[in-house]
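The following exercises are to be worked through with the sequence and the structure at hand. Each task is followed by a solution in steps.

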Amino acid sequence: MKKILISVIAFLLCACTSNLVEEKDYTQYVNPFIGTQGEGHCFPGATVPMGMVQLSPESYTDYYFRYENARVAGYQYNDPYLIGFTHTHLNGTGCPSLADILLMPFCMKDSIGTKRSDFKSKYDKSSEQASPGFYHVYLKDHGVDVSLTATPHVGIHEYLFEEPESANLLIDLQYGVKWDIRTICDNVLEASQEFIDEHTLVGYRKAEQWTDRKLFYVIKFSRPIISKKMLDAPDGKEEKAPRYLLQFDMSGNKDLLVKVALSTTSIEGALNNLEQEVPETTTFTSIKEAAEKEWNDILSSVDITVDDEKKISFYTSIYHLYIQPNNLADVDGKYRAENDSVYTARSGKFHSTFSLWDTYRAAHPLYTILTPEKVSEMGASLLEAYYHKPVDKNNPNEAHPYLPRWGLWGKEVHTMIANHAVSVLADARLKGIKPCNYSDDELYSAMKTTLKQSHYRNHVEVINQYGYIPLDVKLSAIDDNRETVSRLLEGTLNDYALSQCAKLFGKEEDYKYFSKRSQLYRNVYDKSIGFMCGRYASGEFRKIDDFSLAVGEWVPFSDYTEGNPWHYLFHVQQDILGLIDLMGGEEPFKEKLDSMFYAKTHPYFSATEVATGCLGEYWHGNEPCHHVPYLYKYTSDGFKTDLIINLIVDKFYRNAPDGLQGNDDCGQMSAWYAFSVLGFYPVNPCNGEYILGAPQIESAQIKLSNGKSFYIEVENYSKQNILVDKVYLNGEVWDKNYISHSDIMNGGVLRFVMKPYKGEKNVMNFKINQL
């Protein structure tokens, strides 16, 4: 009896203790302000993982040259004013768009003008707070305390007015971020709206900028409207959508709750999203807590041990990674396709915001480890876009359909090069992740059609004829002969990816065809100078006068995309060993890498914002370089990878608003950081291998969706011990320079033994003076 009593007491004590143990809050290590100043182009507002709504402030200051480029996400941390809060944003892109439906609360004290800048307010910087799913600020000029949170399709505003009897709200339905802030009058192409009762405004708007987009909305107010006024368009210009000034019956209360629901399908869709996600009895606090839980579910997939500063950089990187691709489908799965018809998504989700030229490199491979179920949904979304793609009205004679290149709001914006949806889909399928509710035949058909038929920026006939893309051959009615080297090189990776799927599916002829095409990178290598160069139809190579000249798609007759010959020399991700052989062996290969990282920083011309985070000719702020630090691991100088990674992690990712060296590019910059901190990276993002680097943490546990865990242990971790001495996998000495995807997903322990660097000082410090 005594033993039984002791056992019962012990059980109760354990149960009580268990109830006292709280789940770890990973959101405390996320700083949404990282990347909000300078070139990061991130926004600090409230959103949930891959949600349609990103409710965030729009900042303002005096106009200056390149003003818009700094505010493609609508916000710069150092701006002194806010002009309102909008509901859609892009994270870290190089082009502006979105910022739909601007709301600005204020207490009406004096008469106010009609210009948008007339409604600006200084704000208390010390009051500004941001965490996953939440944003708060105090508007000093307007006397309003603002809190924001979100569900997938609904933005929730909570305002506390200091003088509720003069509480006003500006609703600007014309606003949106643009390449020229002075042309907001052109932002909306069509609009209709109606106050259906004293608590509700519903409407529709079709906005342009980057692509035209249809948006339906429902705006619900917790207090009844007692007066409304429509403002004249600023500067006497005509605008399609109105701006309203609303006053409310506050009845002595200081608080006003505003809920804004969005849909691409209809007002009814927006209303259903609102009713399903934010029932009438739901409180602001409960919505905020639900958003935090969603983020914790994502962030907790990796638990790392390291100092708090690195924890903040790491978990903010995971946060940025999962802001997109955004699910645009309503709660019932309906979405508006590029052909303007409404469909029900097979997976129930329709993701868009696919910055694939950036994210195929590391973001999508990281998704395959952390959230393979979301990869299945993303794959299905890419196929939804393919199977509902309309004929390109600008070039109806080119083949269609083809997979998205850069998908925004479900539409192809024709930005950047190559069809990297193929590499993303192929990589997932080779890892056993199938697009949700799509067959292998449907998947393979979409990938093959995309690569084997010519369309905009995909030049199959020309490549088949010459074995490269001649720089002096007219490509199509709407496509010129720029970026020919980059287009060929990036295309060969996708050829490789499809060849591996062809092999998996037993399609021998396709395997041979695409394998052969994946080797065409050799045809643009000029052995006389040791670089990949543009080539004329005659076979002659273009003469390069300055190998450091920054070039890009905006430069006439450019051979490269947002890079120079240094970057695209190493852009053969699918065949690094073949590239080493082509360049004459390991020693010339190492010498070229050294020359790249040791080079004197070039005074790039002012239009090249991509030249950020420079280590010699290496630009960490732009994606074509991201795999290059790991290439030393294919040589006997692998320790140089360890040195460079340590330097980049410490210097180019900081817990500060200007802590990112370049656009986050929809999570790609963040994915590079997350992989590199953990100690491995997908140099070839389509072969299921991760090249081993140098971990920047004490330990990590990756909690896999299959219930297993993959552990990373770092022996002798310190600021001085930055080189990898030995590696063990599951207790066995590991002499390969990579681990496989299956090694991770099967669970196990990867152990690094670290040591200090004791080599030449100039090697250790080869770029410190250029940061």
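**Exercise 1.** Which residues of α9 are buried?

*Solution.* The model is a predicted one. Helix α9 covers residues 421-430, and nine of its ten residues are buried. With buried taken as under 20% relative accessible area, the list reads Ala421, Val422, Ser423, Val424, Leu425, Ala426, Asp427, Ala428 and Arg429. The next step is to identify what these residues pack against: α6 (356-359), α7, α8 (372-387), α10 (440-452) and α12 (484-504). Just after α9, Gly432 has a positive phi of about 90°.

**Exercise 2.** Compare the expected span of helix α5 with the distance between its end C-alpha atoms.

*Solution.* Helix α5 comprises 14 residues, 308-321. The expected span is 1.5 Å times one less than the number of residues, which for α5 gives 20 Å. The end C-alpha atoms of α5 are 20 Å apart, in agreement with that value. At the start of α5, the backbone nitrogen of Glu309 has a side-chain oxygen of Asp307 within 3.2 Å.

**Exercise 3.** Determine why α5 is described as largely enclosed by the rest of the structure.

*Solution.* Of the 14 residues of α5, twelve are buried, so the helix is largely enclosed by the rest of the structure. Among them are Lys310, Lys311, Phe314, Tyr315, Tyr319 and His320. The cover over the buried residues of α5 includes β1 (46-47), α4 (284-299) and β16 (302-305). It also includes α7 (363-370), α17 (639-652) and α18 (668-678).

**Exercise 4.** Locate the partners of the salt bridge between Asp303 and Lys24, and state how each is exposed.

*Solution.* The closest N and O atoms of Asp303 and Lys24 are 2.9 Å apart. Asp303 belongs to strand β16 and Lys24 to the loop between α1 (2-20) and β1, so this pair ties together parts 279 residues apart in sequence. Asp303 has a relative accessible area of 19% and is therefore buried. Lys24, at 36% relative accessibility, is partly exposed.

**Exercise 5.** Examine two salt bridges that involve strand β35.

*Solution.* In the pair of Arg751 and Glu715, the closest N and O atoms are 2.5 Å apart. Arg751 lies in β35 (residues 748-755) and Glu715 in β31 (residues 709-715), so the bridge ties together parts 36 residues apart in sequence. Arg751 is partly exposed at 25% relative accessibility, and Glu715 is partly exposed at 34%.

The second pair is Asp725 and Lys755, with an N to O distance of 3.9 Å. This pair links Asp725 in strand β32 (residues 723-729) with Lys755 in β35, 30 residues apart. Asp725 has a relative accessible area of 38% and Lys755 one of 34%; Asp725 is partly exposed, and Lys755 is partly exposed. Elsewhere, salt bridges that share partners join Glu586, Glu587, Lys590, Asp594, Asp637 and Lys640 into one network. The count of salt bridges comes to 38.

**Exercise 6.** Is Met250 buried or exposed?

*Solution.* Met250 is found in the loop between β14 (243-248) and β15 (255-263). Its relative accessible area is 3%, so Met250 is buried. Leaving aside neighbours within four places in sequence, Met250 is in contact with Phe161, Pro164, Ala167, Arg223, Asp255 and Leu256. For Ala167, the separation from Met250 is 83 residues in sequence and 7.9 Å in space, C-alpha to C-alpha.

Key:
Residues are numbered from 1 along each chain as its sequence is written. This is a predicted model: local features need pLDDT of at least 70, side-chain atom pairs count only at pLDDT 80 or more; totals for chains, interfaces and linings use all residues. Side-chain values use heavy atoms; hydrogens and water are left out. Helices (H or I, at least four residues) and strands (E, at least two) are DSSP runs, numbered from the N terminus. Buried means under 20% relative accessible area, exposed over 50%, partly exposed in between (1.4 Å probe, protein chains only). Contact means heavy atoms within 4.5 Å. A polar contact is a pair of N or O atoms within 3.5 Å; within protein, one must be able to donate a hydrogen and the other to accept it, and residues adjacent in sequence count only if both atoms are side-chain atoms. A salt bridge is a side-chain nitrogen of Lys or Arg within 4 Å of a carboxyl oxygen of Asp or Glu.
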